[in-house]
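Please open the structure in the viewer and keep the sequence panel visible. The tour below proceeds by selection, from the whole chain to individual residues.

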Amino acid sequence: MQSTFKGPTLVTMLATIILSQGCSERTSYPSRDTMTAGIFLDKEPEIFTRAVDVRRINDRGIELTKVSEGFVGHLYNDAAQYCTIAYGHLVKTAPCDGTEPEEFRRGLTVAQGTSLLRKDMGKAERAVTALVSVDITDNQYSALCDFVYNVGSGNFSRSTLRDVINAGEFDRVAYQLNRWVKAGGRELEGLKIRRKKEIELFYEGIAMPRAMPLPGEDASTIDIRLGE
């Protein structure tokens with residue numbers, strides 16, 4: 001028998017809840033268990049500003065970053081109380097207070113956030129182009145761009161990971177990537193998943209080595225905000 005119920009559907013009720021939560025968040029700028037992308041938090045060495053033929057991250061890399069960062073279309077305070085929006089874009093190193101640029105106070109669509117991400121990714125692209133001195137594939141390059149976007153160019157420049165790559169020791173990359181899983185002094189599941197996705201992209205089409213340290217190699221985990 002056909003139902004005669006005329007009240008709101010489940011979809012309508014869920015949409016109402018989501019919209020009301022979004023309005024509440026846009027007003028109160030709540031802190032979230034998320035972090036501004038590390039690429040914004042360090043000063044780029046002068047080498048990154050020189051004229052170089054910068055490669056562009058491929059679509060696989062951009063999608064990896066989008067999934068890992070997550071999209072928030074309105075202003076929010078990250079775990080460090082930095083005003084942030086979209087895919088980890090840093091608006092200012094202070095809490096949101098309503099004085100931000102109007103374009104951000106209005107909120108961003110996914111398309112606008114993606115455009116902003118591609119622009120922001122230029123910082124990571126310049127860093128990887130400048131700091132990696134050996135030939136790498138587009139997927140390897142894109143995996144490293146995502147990594148640098150997350151941890152910052154300075155941390156990558158001083159990392160064992162960079163040394164391993166420039167020595168052509170690609171069989172050690174997986175282990176080194178897997179070390180960068182801490183933030184604020186604790187290991188985060190989200191970072192472990194992100195490193196796993198970077199490793200899969202880096203080794204796509206080639207044999208993936210076991211992520212094991214060499215005898216005597218530093219086996220400590222690394223905080224993405226502190227580096228080595």
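Helices, of at least four residues, and strands, of at least two, are taken here as DSSP runs and numbered from the N terminus. The model is a predicted one.

**Whole chain.** Colour the chain by secondary structure. It contains 9 helices and 5 strands, and from the N terminus on the elements run α-α-β-β-β-α-α-α-α-α-α-β-β-α. Now switch to a surface representation: the accessible surface comes to about 12,300 Å², and carbon and sulfur atoms account for 54% of that area. Of the 228 residues, 43% count as buried. If a contact map is available, consider the contacts between residues at least 6 apart in sequence; 70% of them join residues at least 24 apart.

**The sheet of E1, E2 and E3.** Select residues 72-77 and 89-92, which are strands E1 and E3, and add residues 83-86, strand E2. These 3 strands form an open sheet in the order E1-E2-E3, with antiparallel pairing. E1 and E3 are the edge strands, each pairing on one side only. From one strand to the next, the twist averages 25°.

Which residues face cysteine 83 across the sheet? Display cysteine 83 in E2 and asparagine 77, which stands opposite; then add lysine 92, the bridge partner of cysteine 83 in E3. E1 pairs with E2 over 3 bridges, and E2 pairs with E3 over 3 bridges.

**The two hairpin turns.** Move to the turn between E1 and E2. This hairpin has 5 residues between its strands, and glutamine 81 in the turn has a positive phi of about 65°. Proceed to the hairpin of E2 and E3, which has 2 residues between the strands; here glycine 88 takes a positive phi near 80°.

**The packing of H4 on H5.** Select helix H4, residues 110-131, together with helix H5, residues 138-151. Their axes are 9 Å apart and the helices pack at an angle of about 110°. Angles of 65 to 115 degrees count as roughly perpendicular, and H4 and H5 are therefore roughly perpendicular to each other. To inspect the contact, show side chains on both helices. H4 contributes Leu117, Asp120, Met121, Ala124, Glu125, Ala127, Val128 and Thr129, while H5 contributes Tyr141, Leu144, Cys145, Val148 and Tyr149. Coloured by class, this contact has 10 nonpolar, 1 polar and 2 charged residues.

**Arginine 194.** Select residues 189-202, helix H9, and centre the view on arginine 194 within it. Is arginine 194 buried or exposed? Buried means under 20% relative accessible area; arginine 194 therefore counts as buried, at 4% relative accessibility. Expand the selection to its contacts, leaving aside neighbours within four places in sequence: these are Leu64, Thr65, Ser68, Glu69, Asp146, Tyr149 and Asn150. Tyr149 will be familiar from the previous stop, where it is one of the H5 residues in the contact with H4.

**Valine 67.** Finally, select helix H2, residues 59-69, and pick valine 67. Exposed means over 50% relative accessible area, so valine 67, at 58% relative accessibility, counts as exposed. Draw a C-alpha to C-alpha distance from valine 67 to arginine 194: the two residues are 127 apart in sequence and 8.9 Å apart in space. The tour thus ends with an exposed valine 67 and a buried arginine 194.

Technical notes: Residues are numbered from 1 along each chain as its sequence is written. Side-chain values use heavy atoms; hydrogens and water are left out. Buried means under 20% relative accessible area, exposed over 50%, partly exposed in between (1.4 Å probe, protein chains only). Contact means heavy atoms within 4.5 Å. Axes are lines fitted to C-alpha atoms, for helices over the stretch in contact, and angles run from 0 to 180 degrees between N-to-C directions. Angles under 35 degrees count as roughly parallel, over 145 as roughly antiparallel, 65 to 115 as roughly perpendicular and the rest as oblique. Ala, Val, Leu, Ile, Met, Phe, Trp, Tyr, Cys and Pro count as nonpolar, Asp, Glu, Lys and Arg as charged, and the others, Gly among them, as polar. Accessible areas come from the Shrake-Rupley method with a 1.4 Å probe; for residues, only the protein chains shown count as cover. Two strands pair if DSSP finds at least two bridges between them.
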